[in-house]
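The following paragraphs explain how one residue and its surroundings fit into the fold of a protein. The reader is invited to keep the sequence and the structure in view throughout.

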Amino acid sequence: MPDDFGFGEGPPPEVLGYLKAKGWKPAFSYKDVWGAEHAMAFTVAKAMELDVLMAIRGALEDALAKGKPFKQFQKELTPTLQRLGWWGKGTVVDPKTSEPVRAQLGSPRRLRTIYRANIRTARAAGQWERAQRTKAAAPYFRYELGPSEKHRPHHASKEGLILPIDDPFWNTWMPPNGWGCKCRVRQVTDAEMRRRGWTVDPAPKVPTTDWINDRTGKVMKVPEGIDPAWVGNPGKHRQKNLDDFLAGKLAAVPDEMARVASYDLLTGPKFKAIQSGHLTGHVPVAMLSKDLADALGSKSRVVLFSSDTAAKQLKRHPDLKPEDYVSLQDVLDNGMATKSWDRDRNAVFHIRKDDKWWQAVIKRTTNNTELWLVNFQRTSERDQQRISRKGTTVRK
């Protein structure tokens, strides 16, 4: 498969969203970040500094959004990494041993691996999300080989396999299934099945072998034929994270996963249905840091959004679109916070983002057990200063 790719007018929103919603995970080795963590946090082995990770991720998001081929991605990113000192051989401290290690940092080969792995994983996760929405019309996946000169035997044996989208087989064998793997799945309708004379196959067994992670000492069961770092279905990891979030398990979920879940919710169908007035109820839309929740006197960190508030928002701010609410988490994470007038139960957040001021108002219930978004809007610096004078600043 060549490194050129394209999406016409741009990638499907769930593809770019998969990458944009990730948190950050500096790591010494790819073995330090595993399974579901890859679906939640952006990481590059030996990229221990956040500015390096930010540069690589920004270039990847831009390449994915604009359909840039690898050579253009490499040409634009290489000078930045060289300026940051992340190029060629370098010394990196291994956090496991606290010892300095000479290691390969940036190189054309590493950039190609980073580009391929992230682009293909984002596309696979986006495909899984779309399939969950459209499986009533196209209920099957067909495993297909990519344009490699030589295929792994385990992968080649799956060519043409057709199974229902929700078959457990795809929990492990959702491509890509290894470094450099170009396998893919294609969604298939009943009509195509009949036209081509295809039938649903018996689900193959998934034999596993023990693999020891020499960074952690943990023994993992890895399906035969899949590289250990590629075990799992990234799209399904994200869906499970979202389900856990909705089920009220956020208190036990790491912050990075919770933030990813809030992004997935804000870009998903339930939030859009509530925001547009087509569904009653409420949905979690963001979370506060523990320190900030404590400063506001709240026992909860989850911010909820109700259909009643949605109706008021449509009247007060009809210009706001569902995608505008994606800025909410950034406002809560990075904005100035003020405990305000209403018996100290409101917190007002302000932030300047993309040359616009945003304001979010969070109300704490009288028993301190719930947080509700009661207003979200574009505002001005003048309003921000006025409100700040009336309340108590809890974060500058």
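S306 has a relative accessible area of 14%, and because buried means under 20%, S306 counts as buried. The model in which this residue is examined is a predicted one. S306 belongs to strand β11. Leaving out residues up to four places away in sequence, S306 touches I274, G281, H282 and W372.

The wider setting may be described next. The protein comprises 396 residues, of which 49% count as buried, and its secondary structure consists of 14 helices and 16 strands. Among contacts with a separation of 6 or more, 61% are between residues 24 or more positions apart.

Strand β11, which covers residues 302-306, also contains F305. This residue is buried, with a relative accessible area of 1%. F305 is one of the residues with the most contacts inside the largest nonpolar core, a set of 29 residues. The others named for their contacts within that core are L288, V303, L332, F349, L373 and F376. In soluble globular proteins, nonpolar side chains tend to be buried together.

L373 offers a view of this core from another residue. Apart from its neighbours within four places in sequence, L373 is in contact with V303, L304 and F305, and also with T309, Y325, L328, A360, V361 and I362.

Aromatic rings provide a further set of links. A pair of such rings is described by the distance of the centres and the angle of the planes. The structure holds 14 aromatic pairs. In one of them, the ring centres of F305 and Y325 are 5.6 Å apart and the planes stand at 55°, so the pair is classed as tilted. This pair links distant parts of the chain, since F305 lies in β11 and Y325 in the loop between α12 (307-316) and α13 (328-334), 20 residues apart.

Y325 is itself buried, with a relative accessible area of 1%. Its ring also pairs with that of F376: the centres are 5.4 Å apart and the planes are at 40°, so this pair is tilted too. F376 lies in strand β15 (residues 371-379), and the pair therefore ties together parts that are 51 residues apart in sequence. Both Y325 and F376 are buried.

Elsewhere, ring pairs join W128, F141, Y143, F169, W170 and W173 into a cluster. A charged group is found at one member of this cluster: the charged end of K158 sits over the ring of W173, 4.2 Å from its centre.

Helix α9 and a hairpin complete the description. Helix α9 (residues 255-266) has 12 residues and spans 17 Å from its first C-alpha to its last, close to the 16 Å expected at 1.5 Å a residue. This helix is mostly covered, with nine of its 12 residues buried. The buried residues of α9 are A258, R259, V260, A261, S262, Y263, D264, L265 and L266.

In the hairpin, strands β8 (residues 208-212) and β9 (residues 219-223) run antiparallel and are joined by five bridges. I212 stands opposite V219 in β9. Six residues lie between the two strands, and in this hairpin G217 takes a positive phi near 80°.

Key
Residues numbered from 1 in each chain as written. Predicted model: local features only at pLDDT ≥ 70, side-chain atom pairs only at ≥ 80, totals over all residues. Heavy atoms only, no water. Core = buried A, V, L, I, M, F, W, Y, C linked by side-chain atoms within 4.5 Å. Buried < 20%, exposed > 50% of the residue type's maximum accessible area, 1.4 Å probe, protein only. Contact = heavy atoms within 4.5 Å. Pairing = 2+ DSSP bridges. Helix = DSSP H or I, 4+ residues; strand = E, 2+ residues; numbered from the N terminus. Phe/Tyr/Trp six-rings, centres within 6.5 Å; stacked < 30°, edge-to-face > 60°. Lys NZ or Arg CZ within 6 Å of the ring centre and 35° of its normal. Expected span 1.5 Å × (residues − 1).
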